[in-house]
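Reader: Please take me closely through one part of this structure. Start from a single residue and its surroundings, then work outward.

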Amino acid sequence: ATGNPGQAIVGVITGNSIAFGTAVTYSGSYASWANKITHIGNPANKFVIVYREITNNSNDGMAVVATVSGTNTISFLSPVQFLNASSQAENFCITNCGYSSQDVLVLYQDGGNVVPYGRIGRVDANSGQISFNTETAYTTQNNAVGTKIVWDHSHTNRAIIAFRAQQNNSYLQVVVANVAGTSVSFYDTGYYTNYSVDNISLVYDNRRNRTSIFYRDNANKLRLFSATLYVVSGTNYVVYDNPGDPSSSDTIPYIESSGNGDHTAIAFGDSISGSNPDVDKVLCVYTVSNALKAKVVQPADRFVKQPLTFPIASTSISGGNTSSPMVMYDPNADRLIYAYVFTNGYGYARTAKFGTDNLTIGNYGTEVSFESPGTVQYISGCYVTHRNQFFLIYRDNGSSSTAGRITGVVGTVNTGNGDITFGSPKLISNGAGSYPDCCYDPVNKKVVAVWSDAQ
């Protein structure tokens with residue numbers, strides 16, 4: 001492979017260190033952008049990666065099935081094309097179609113005709129290969145931007161989609177996907193904001209059977225509203241709370257009324273993995289005025305606590321797409337784990353615990369550096385359930401020896417005081433990389449990491 005090959009690797013955690021197998025290229029040419037991965041429920045040891053491949057001046061959408069086996073081995077079948085793009089494929093999203101499904105729903109856009117499409121991919125139980133059914137446009141609003149998707153687990157065959165409708169004044173639009181076997185149809189809920197938006201996130205709350213939709217409005221206010229889907233005799237009905245209007249004095253729906261609105265949101269509860277996760281809370285972590293803040297969204301619609309400023313050192317937090325903060329939940333320590341980047345490029349992490357009211361955050365652990373010196377970008381991570389540890393993956397632009405290489409580090413949270421102990425960072429990629437992501441394989445008890453590599 002030449003250029004920026006898409007690569008993946010499997011890691012096995014021992015103590016506070018992680019040992020990786022051999023990085024394996026999964027793209028015929030290179031995955032230059034938008035590597036997205038999801039675990040499928042059946043067969044349980046398989047993953048699906050979608051990406052844009054550049055070969056002979058084409059920019060096609062490709063999918064590849066990964067199988068994890070042995071000690072730390074990952075293998076791939078031949079990539080399958082799901083979009084023969086007239087221009088670059090873009091705006092990828094992927095979700096599995098339920099906890100035990102062999103299907104995935106992929107959303108994408110052909111950069112040439114800017115039509116947003118969705119189609120079902122099915123992983124064959126015998127061959128392990130993926131095949132795709134006919135594509136269907138999920139909106140008549142061409143040029144959907146920032147699309148996000150989440151599976152609605154209160155129904156066996158529905159997903160919630162939100163995006164910025166570029167042709168319609170960049171308003172927020174919500175669509176329901178209806179999956180029937182290997183076919184998918186889409187229902188336009190008719191919902192639009194009356195102002196432009198960007199930076200959309202979706203979180204599904206299975207205890208309340210609703211989807212929390214986070215976004216930034218045209219006044220740089222970070223907002224939230226919820227959508228609850230009801231299906232009566234096959235007809236979709238979506239009930240919303242009021243997201244408010246940035247031109248009005250209504251501040252109840254605001255998560256933050258000023259700042260840049262770079263954020264991430266997660267759902268977690270008594271059990272966040274397995275066949276039936278029990279989501280208890282939704283948390284939004286975001287940056288504003290170079291500070292890191294968090295808010296709990298629980299339990300009533302539109303109800304959020306006042307901003308909780310997460311204490312950090314005097315150095316400011318760095319914002320932007322490449323250094324946005326990330327957060328995960330440690331069920332063993334019952335703590336939130338935050339990872340973030342200072343403006344000097346150093347990577348830090350800290351834990352926090354929910355108060356007895358389940359709405360406040362406090363009892364912080366000590367702030368600990370996981371990469372110093374360095375210039376950390378693109379932080380992602382996952383919790384490693386069988387070891388009660390977590391894994392961070394990121395790009396290190398620090399010294400000449402790292403030169404933008406993808407790096408991983410293992411952390412352990414002290415259940416008593418919440419302090420984090422990190423092992424030594426380990427270089428994963430052979431050369432400069434970008435867009436790293438990872439997930440935990442509960443069947444083989446391994447970490448799977450993917451990224452675009454420049455070698």
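Author: Start with Y237, which sits in strand β20. This is a predicted model, so every value here is computed from predicted coordinates.

Y237 is partly exposed, because its relative accessible area of 44% falls between the limits of 20% and 50%. Its side chain belongs to a surface patch. Y230, V232, Y237 and V239 make up this nonpolar patch, with about 390 Å² of accessible area together. Two strands supply it. β19 (222–232) and β20 (235–240) each give at least two residues.

Now turn to buried side chains. The model holds 16 aromatic pairs. One of them joins F82 and Y108. The ring centres are 5.0 Å apart and the planes meet at 55°, which makes the pair tilted. F82 belongs to strand β8 (residues 80–83) and Y108 to strand β10 (residues 103–110), so the pair ties together parts that are 26 residues apart in sequence. F82 is buried because its relative accessible area is 2%, under the 20% limit. Y108 is buried as well, with a relative accessible area of 0%.

F82 has another ring partner, F132. That pair is tilted, at 5.5 Å centre to centre and 45° between the planes. It links distant parts of the chain: F82 is in strand β8 and F132 is in strand β12 (residues 130–132), 50 residues apart. Both F82 and F132 are buried. Step back, and the rings form a group. F82, F92, Y108, Y117 and F132 make one aromatic cluster.

Charged pairs come next. The model counts 4 salt bridges. D103 and R122 form one of them, at 2.7 Å from N to O. D103 lies in strand β10 and R122 in strand β11 (residues 116–123), so this bridge ties together parts that are 19 residues apart in sequence. Note the strand: β10 carries D103, and β10 carries Y108 of the aromatic cluster. The two ends of the bridge differ in burial. D103 counts as buried at 6% relative accessibility, whereas R122 counts as partly exposed at 30%.

Strand β11 takes part in another bridge. E135 and R119 meet at 3.9 Å, N to O. E135 is in the loop between β12 and β13 (136–137), R119 is in strand β11, and the partners are 16 residues apart. Here the acid is partly exposed, because E135 has 28% relative accessibility. R119 is buried, because its relative accessible area of 13% is under 20%.

One further bridge involves other strands. D198 pairs with R216, and their closest N and O atoms are 2.8 Å apart. D198 lies in strand β17 (residues 183–205) and R216 in strand β18 (residues 210–217), 18 residues apart. D198 is partly exposed, with a relative accessible area of 25%. R216 is buried, at 14%.

Next, a loop residue. I40 is found in the loop between β4 (31–39) and β5 (46–55). It counts as buried because its relative accessibility is 0%. Leaving out residues up to four places away in sequence, I40 touches K46, V48, S101, V104 and V123. Take V104 from that list. I40 and V104 are 64 residues apart along the chain, yet their C-alpha atoms are separated by 7.5 Å.

G408 offers another buried position. It sits in strand β33 (residues 405–413). G408 counts as buried because its relative accessibility is 0%. Beyond residues up to four places away in sequence, G408 touches F391, L392, I393, S424, P425, K426 and I428. I379 lies 9.8 Å from G408, C-alpha to C-alpha, and 29 residues away in sequence.

Finally, check the confidence. The mean pLDDT of the chain is 78, and 77% of its residues reach 70 or more. Among the elements of the chain, strand β34 (residues 420–422) has the highest mean pLDDT, 96, and strand β25 (residues 308–309) the lowest, 46. Residues 270–277 stay under 50, and the model gives them 14 contacts beyond four places in sequence. Residues 299–309 are below 50 too, with 40 contacts in the model beyond near neighbours in sequence.

Terms used. Residues are numbered from 1 along each chain as its sequence is written. This is a predicted model: local features need pLDDT of at least 70, side-chain atom pairs count only at pLDDT 80 or more; totals for chains, interfaces and linings use all residues. Side-chain values use heavy atoms; hydrogens and water are left out. Rings of Phe, Tyr and Trp (its six-membered ring) pair if their centres lie within 6.5 Å; planes under 30 degrees apart count as stacked, over 60 as edge-to-face and the rest as tilted. Helices (H or I, at least four residues) and strands (E, at least two) are DSSP runs, numbered from the N terminus. Buried means under 20% relative accessible area, exposed over 50%, partly exposed in between (1.4 Å probe, protein chains only). pLDDT is the predictor's confidence in each residue, from 0 to 100. Contact means heavy atoms within 4.5 Å. Patches are made of residues with over 30% relative accessible area and no salt bridge: like charges are joined within 9 Å, nonpolar side chains (Val, Leu, Ile, Met, Phe, Trp, Tyr) within 5 Å. Accessible areas come from the Shrake-Rupley method with a 1.4 Å probe; for residues, only the protein chains shown count as cover.
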